[in-house]
Amino acid sequence: MSGFKPLSPGSALGHISHPVAIITVNDGKNFNGMTAAWVTQISIKPPIMCVSISPKRHTWAMLENVEYFGVSMLGKDQEEESNFFGSKSGRKMDKFKHMAIEPFMAAHGVPLIPGSVAGFVCRKTHQVEQGDHYALFGEVVEAWKGTDNVPLNFFRSKYRTW
Ligand SMILES: Cc1cc2nc3c(=O)[nH]c(=O)nc-3n(C[C@H](O)[C@H](O)[C@H](O)COP(=O)(O)O)c2cc1C
């Protein structure tokens with residue numbers, strides 16, 4: 001017995017367990033951030049991360065005009081931040097102000113989400129359009145350890161804290 005059942009690719013992909021992060025950007029006028037689950041490390045030397053972002057996001061439009069972005073890896077008590085940054089658009093509001101979040105200011109003016117498990121400042125190196133998203137690659141130029149919280153995960157459309 002293999003244990004496999006046929007499933008559409010869309011449904012089967014939901015069985016990949018992802019971390020939950022907030023991707024942040026400062027374009028010199030405004031801060032913004034959006035929740036992203038499609039985030040991973042792809043190289044050790046140099047340290048490179050990859051995030052998958054739809055061009056529909058306001059964050060994407062802002063990212064096109066900057067050199068650096070932030071990645072805050074969320075912990076188990078940050079579901080509220082994840083839901084807010086992942087459902088509202090920064091096109092119409094300042095999400096930081098609305099949630100009364102005082103960002104931790106990291107290198108190059110990149111705002112990070114306080115209370116996260118880890119935070120990274122990445123320098124954009126490359127972007128590749130694939131289907132309806134862009135894979136954005138960034139070299140980690142500054143890294144922070146945050147809380148010792150259990151990381152927040154996303155699996156089968158639900159948050160998990162295993
Ligand atoms: C748990 C979760 C994971 C998400 N992951 C992604 C992702 O990996 N890539 C993406 O483009 N959008 C993702 N989103 C959707 C964006 O966070 C959402 O559209 C956000 O409101 C965009 O904000 P913006 O318009 O200010 O950029 C996710 C949302 C949630 C709640």
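This briefing covers the salt bridges and the two largest pockets of the structure. The model is predicted. The whole structure holds two salt bridges. The largest pocket encloses about 860 Å³, and the second largest about 220 Å³.

**Salt bridges**

- Glu 139 and Arg 123 pair through their side chains, at 3.1 Å from N to O.
- This pair links distant parts of the chain: Glu 139 sits in strand β10 (residues 133–145) and Arg 123 in strand β9 (residues 118–130), 16 residues apart.
- Glu 139 is partly exposed, at 21% relative accessibility. Arg 123 is also partly exposed, at 28%.
- Asp 148 and Lys 145 form a salt bridge at 2.8 Å, N to O.
- Asp 148 is exposed, with a relative accessible area of 71%. Lys 145 is exposed too, at 62%.

**Largest pocket**

- Its lining counts 41 residues. Nearest the centre are Thr 35, Ala 36, Ala 37, Trp 38 and Arg 57.
- Helices α1 (9–13), α2 (58–63) and α3 (79–85) are among the elements that each supply at least two lining residues. The strands that do so include β3 (31–36), β4 (39–43), β5 (48–53) and β11 (153–155).
- By class, the lining has 20 polar, 15 nonpolar and six charged residues.

**Second largest pocket**

- The second largest pocket has a volume of about 220 Å³. It is lined by 15 residues, with Lys 29, Asn 30, Phe 31, Asn 32 and Asp 94 closest to its centre.
- β3, α2 and α4 (95–98) each give at least two residues to this lining.
- The lining of the second largest pocket splits into six nonpolar, five charged and four polar residues.

Technical notes. Residues numbered from 1 in each chain as written. Predicted model: local features only at pLDDT ≥ 70, side-chain atom pairs only at ≥ 80, totals over all residues. Heavy atoms only, no water. Salt bridge = Lys/Arg side-chain N within 4 Å of Asp/Glu carboxyl O. Helix = DSSP H or I, 4+ residues; strand = E, 2+ residues; numbered from the N terminus. Buried < 20%, exposed > 50% of the residue type's maximum accessible area, 1.4 Å probe, protein only. 1 Å grid on protein atoms, 1.4 Å probe; cavity = no way out; pocket = protein on both sides within 12 Å on 5 of 7 lines; lining within 4 Å. Points joined across faces, edges and corners; volume = space filled by probe spheres on them. Nonpolar A, V, L, I, M, F, W, Y, C, P; charged D, E, K, R; others polar.
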